[in-house]
Amino acid sequence: MQKIISSSQWIPSGSVILEENAAAAVKAKGNVLVNAGPGAGKTELLAQKTGFLFQTNICVFPKKILAISFKTDAAKNLKERIESRYGKEYAARFSSLTYDAFAKRILDQFRNALPEEIRPDKNYVIEDKKIINEAFQKSGYRNSSGLTPSKLASYYDNAIATTSLPFKEQTISSRAWKLLVKGFDDNLSCLTFKMISMLAIYILKNNPYILKGLRITYSHVFLDEFQDTTNLQYELVKTCFLNSDSKITAVGDNKQRIMVWAGARKTIFEDFQREFSAEKISLLMNHRSAPRLVNLQKLMYNSLQEESGDLQISTKWNEDDGDIKLYISTDENKEAKYIVADIIERIAEGVSLNDICILCKQMPGNYTDILITELAEHDIKARVETDYQDLLKEFIVVLVLNILIVSIERRSPAEWEYVNSVIEEIKGIELFERLDKYYQEHTKLVNFLDGVSKRISLLTSKTDFQDMVDDILYYLDIEKIKALYPAYAQGNFFKATIEKMIDLLWTEFEEHKDWRLSIESFQGLYSIPIMTIHKSKGLEYSAVYFVGLEDGAFWSFKNQPEEDRCAFFVALSRAKEYLIFSFCEHRHKLRFPNQKHTDINEFFELLKSPNIATVIEYI
DNA sequence: CCCTTTAAGCTTTTT
DNA sequence: GCTTAAAGGG
């Protein structure tokens, strides 16, 4: 174990200088609510706090820190930051999980603590729509009002979520719950993600020893993207840690609350502050954006009803850095030409394609196809990221890509280490355990990669490529992978993922005729990403082009103005240096003959404030 | 069968 | 607020 230092001796690691409030959040003794605006460095704050808690032994050895995120990549990123900063010793005491993974872990570990009536089978499946539907039918539910499949699914989801455990009365929902949790006819137990959380809560509420164990294990808890927490997630957090000695650090930004429509609890900040007696600390530093962009963000604070306080700008910028433009056009072909000209300027300045982003409120494909074509005319690739983002975060895709890379170029240290460590895991070998077996597997791996290496240069058709990927999967042992990643064992997901990957990779290869280049292109190194505001959350780009600052795109503004204001704020706060908005009066493709901006005129007013944006109108 | 009317979707994640 | 698909009417 490393040497313990006192709290007053502690200094941030990695020669980072923490702003005063960040240091206060790191050293806070109780529960804290950290209000962290865009670019405030919340991942860094959590990393520093981890270092502080372990180095001072305030998180007493061998107790752990639990970090809960929404998305797997956020959980993974945080874990990786801790490991690269402090090494495996601290990383081992840092559990970084998603809410669902955390709840599932509790359920799987303590399933037997549940009463027989609501104890699922060990091999339960998750979110099988067919089984859920059957369970409700069998329980006597009739879709008499003719709900559409998606409405029906959300009806089921809600019915399941509002059933109280243990079952008090016989209702259709409680009967369906019981069928699902116990399995019926030929169906295994089938749980929804909400059911998993509900069962985890039930276990913790009814088993004081398990609860106590959890509280002893995790002396400190980090909650990421706190503004997006749902009621059920908050209930899980409260069940786990309310009135315990475990100290919670919740980090979020209520100006980026864009998930209320999907169930985020609107009052979460106040509720948490009150119920957990949490101290509220606001981070003031914006490490991301140039001064002129921060000025716009400050203006937005007013419309979001928040004090901008002493919002501070990173010293890396000059006072006049940053550029905001508003293009107003009548015709989308001209719009495309102007945006492309602007993008070409950025590229000439040395901004790389994947440091540029094209954002839309929603349906990016509809808003950008003419722009994509126009960019292509200048040999600039741009693509809607949705499918790629989904694929590139999949374990199996990352693994296959890494195998291809080390097959092409053995001297790719990062990829080699990755492949090696995964193979060790899959094949169940550890160097010091069984040296002979280790070398045996290692030789097999090298031979296999040699085979792939020879084969890949000879591929002439998509079928060849498919066969090769199939052989890679066979070598990896699909069953082992499915055991390691239960999601792949369910339904058609694994097969569909592989097929999509093959499809997109082969398309790249046909274009580039070079595998290394094709893989990198697939990874997005040579194209401008296009995405919705929601997908851009948490990301940053040197230049952001927001296409469609129009009433038509902000159709929801009338119903949820606060949330759409937040969406606008999220969009503009992604940019580091260049921020371009585009309004187009006539979009042929969308047959929007007369776009207006009366509903969202407040955004235009903001941009037209003195010293904010250059407005460029062209006819 | 064709034309008109109505209503849903659009922004999302999780093993 | 606009598109799309399904339902309804002649």
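This report describes two sheets, a pair of packed helices and the surroundings of a DNA strand in a predicted model.

Local features need pLDDT of at least 70 and side-chain atom pairs count only at pLDDT 80 or more, while totals for chains, interfaces and linings use all residues. Residues are numbered from 1 along each chain as its sequence is written, and chains are lettered from A and ligands numbered from 1 in the order in which they are written.

**The two sheets**

Helices (H or I, at least four residues) and strands (E, at least two) are DSSP runs, numbered from the N terminus. Two strands pair if DSSP finds at least two bridges between them.

| Sheet | Strand order | Edge strands | Average turn between neighbours |
|---|---|---|---|
| Seven strands, open, parallel | β13-β14-β12-β15-β16-β11-β17 | β13 (381-384), β17 (614-617) | 20 degrees |
| Six strands, open, parallel | β3-β2-β6-β7-β1-β8 | β3 (94-98), β8 (279-283) | 20 degrees |

In the seven-stranded sheet, β13 and β17 each have a single partner strand, so one side of each has no neighbour in the sheet. Within this sheet, β12 (residues 356-360) and β15 (residues 541-547) pair in the parallel sense over four bridges, and Ile 358 stands opposite Tyr 545 in β15. Helix α13 (residues 291-303) packs on the sheet, where it touches β11 (323-331) and β16 (575-586). The direction of α13 makes about 70 degrees with that of β11; such angles run from 0 to 180 degrees between N-to-C directions, with axes fitted to C-alpha atoms, for helices over the stretch in contact.

In the six-stranded sheet, β2 (residues 64-69) and β3 pair in the parallel sense over five bridges, with Ile 68 opposite Leu 97 in β3. Helix α3 lies across β2 and β3 and runs at about 165 degrees to β3.

**A helix pair**

Helices α17 (residues 395-408) and α18 (residues 413-427) pack at about 125 degrees, with their axes 9 Å apart. Residues are in contact if their C-beta atoms, placed from the backbone, lie within 7 Å. Leu 399, Asn 402, Ile 403, Ile 405 and Val 406 in α17 meet Glu 415, Trp 416, Tyr 418, Val 419 and Val 422 in α18.

**Around DNA strand B**

A residue is near the strand if its C-beta atom, placed from the backbone, lies within 6 Å of it. DNA strand B is surrounded by 26 residues, and the closest are Lys 71, Ser 150, Gln 362, Met 363 and His 534. Helices α3 (72-86), α5 (99-110), α7 (149-161) and α24 (533-536) each supply at least two residues of this surface. Helix α5 gives the most, with three residues.

Definitions and conventions: Contact = placed C-beta atoms within 7 Å.
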